[in-house]
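Here are my notes on the model you sent, set out point by point. They deal with the ligand site, one of the sheets and a loop with unusual backbone geometry.

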Amino acid sequence: MRRKTKLIHGGISGDPHTGAVSVPIYQVSTYKQEGIGGHKGFEYSRTGNPTRHALEQLIKDLEEGHAGFAFSSGMAAITAVMMLFNSGDHVILTDDVYGGTYRVMTKVLNRLGIESTFVDTSDVTNIEKNIKPNTKAIYIETPTNPLLKITDIQEAARLAKKHGLLTIVDNTFSTPYWQTPITLGADIVLHSATKYLGGHSDVVAGLVVVNSEQLAQDLHFIQNSTGGILGPHDSWLLMRGIKTLGIRMEEHEENTRKIVEFLASHPAVKKVYYPGLESHPNHEVAKKQARGFGGMVSFDVGSAEKADQLLNSVKYFTLAESLGAVESLISLPAKMTHASIPKERREELGITDGLVRISVGLEDVEDLIEDLAQALK
Ligand SMILES: Cc1ncc(COP(=O)(O)O)c(C=O)c1O
């Protein structure tokens, strides 16, 4: 099956009982047993629900892995994956990971004894230098949020294998439409499905795909024990979103390419961060490992005041957290998504007060460019 076909026919499609072409919403918590243990595959909806199961099969197929899991948010998914580790274990992470990932590692999981080190994984030698005897995994976000840095997944996975570590990839920005980390050697792929996979700013969800039966059993045990599952209605909304992922991603990319051209030549813009630009330091890696560069762009307008003016002047870019939806969104990472990262750390990373991030939507690109042009003026 090719990629757009798989989005529509992957996993479990329709309902064999009625012929309904869409998987029904099984709004149910428990299932009748014909005697103790005599059930039809489902006992209790925390453990398994048919609508969630259909979504989990679909993401497993799309990421070309062994098993899929749906959680109540991206953070619930990330936390469940980290629960695979024990007190005393160490994880190496990309330095400009999503602020919430940084927060859960440094303010919650650290209290349970899970250590973390944040390094610039776009240079894989930084990973090797930080491997310790208790290191258990490399956690990569690529492209990163908000600086769009790229890590070579194949190289990181090769290094991880050499040292007996797991490779975990946050694939939120690329989605399996553009990038399939398991085919590049990763063990676990996860998503804030709230973003492109859902695509319509109407659901908060997290998805995980693992590449082995052992990881599948371990993660299922954690999911069932800790309970951060996705409900049936949200599972259904995600499946509906995923059906159009291909055409949406193609269009996001096309609009983004034109906006990047415009920004790169605008005198008020100091710097543009986009992996599709030939001048991007990891452009060649991005080209090698992904089929597209995505719809996220960051650019620096030089100061917090200028960034504020821009945010207050745009008409079609909604000022909001989040990304990956049909509507264009704009945000100021230093004050919004990355506010939980201390200022000194943000500055070290290059997340300046004048850095603006846009998630390019599916509006007419001419309207978006005209809007940015008047706001930059
Ligand atoms: C790259 C990335 N990973 C994880 C998350 C967390 O996901 P959620 O907001 O669905 O909990 C986000 C949220 O913005 C994100 O951008």
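1. A pocket is taken here as an open set of grid points, computed over the protein atoms alone, with protein on both sides within 12 Å along at least five of seven lines. A molecule counts as sitting in a pocket if more than half of its atoms lie within 2 Å of the grid points of that pocket. On these terms, the space taken by the ligand is the second largest pocket. Please keep in mind throughout that this is a predicted model.

2. The shell around the ligand holds 13 residues, of which M75, D170, S192, T194 and K195 come nearest. Sorted by class, this shell consists of six polar, four nonpolar and three charged residues. Helix α3, which spans residues 74–82, supplies the largest share of the shell, namely three residues.

3. Three polar contacts to oxygen atoms of the ligand deserve a look in the display. A polar side-chain atom of T194 lies 2.6 Å from a ligand oxygen, and an N or O atom in the side chain of S192 is 2.8 Å from an oxygen atom of the ligand. With M75 the contact is made by the backbone, where a polar atom is 2.9 Å from an oxygen of the ligand. As for burial, the ligand has 390 Å² of accessible area on its own, and the protein covers 91% of it.

4. Turning to the sheet, five strands form an open arrangement in the order β8-β9-β12-β11-β10, with mixed pairing. Its edges are β8 (271–273) and β10 (318–319), each of which pairs on one side only. Strands of a sheet pair through backbone hydrogen bonds, in either the parallel or the antiparallel sense. For strand β9 (residues 296–300) and strand β12 (residues 355–359) the sense is antiparallel, and the pairing runs over five bridges. Within that pairing, V297 stands opposite I358 in β12.

5. Where does P143 lie? It is in the loop between β4 (135–141) and α6 (153–162), and the peptide bond leading to it from T142 is cis, with omega near -5°. P146 is found in the loop between β4 and α6 as well, and the bond from N145 to P146 is likewise cis, with omega near 15°. L148, also placed in the loop between β4 and α6, has a positive phi of about 55° although it is not a glycine. As background, most peptide bonds are trans, and most residues other than glycine have a negative phi.

Note on methods
Residues numbered from 1 in each chain as written. Predicted model: local features only at pLDDT ≥ 70, side-chain atom pairs only at ≥ 80, totals over all residues. Heavy atoms only, no water. Near = heavy atom within 4 Å. Polar contact = N/O pair within 3.5 Å; in protein donor to acceptor, adjacent residues only side chain to side chain. Areas by Shrake-Rupley, 256 points an atom, 1.4 Å probe, with all protein chains shown as cover. 1 Å grid on protein atoms, 1.4 Å probe; cavity = no way out; pocket = protein on both sides within 12 Å on 5 of 7 lines; lining within 4 Å. Helix = DSSP H or I, 4+ residues; strand = E, 2+ residues; numbered from the N terminus. Nonpolar A, V, L, I, M, F, W, Y, C, P; charged D, E, K, R; others polar. Pairing = 2+ DSSP bridges.
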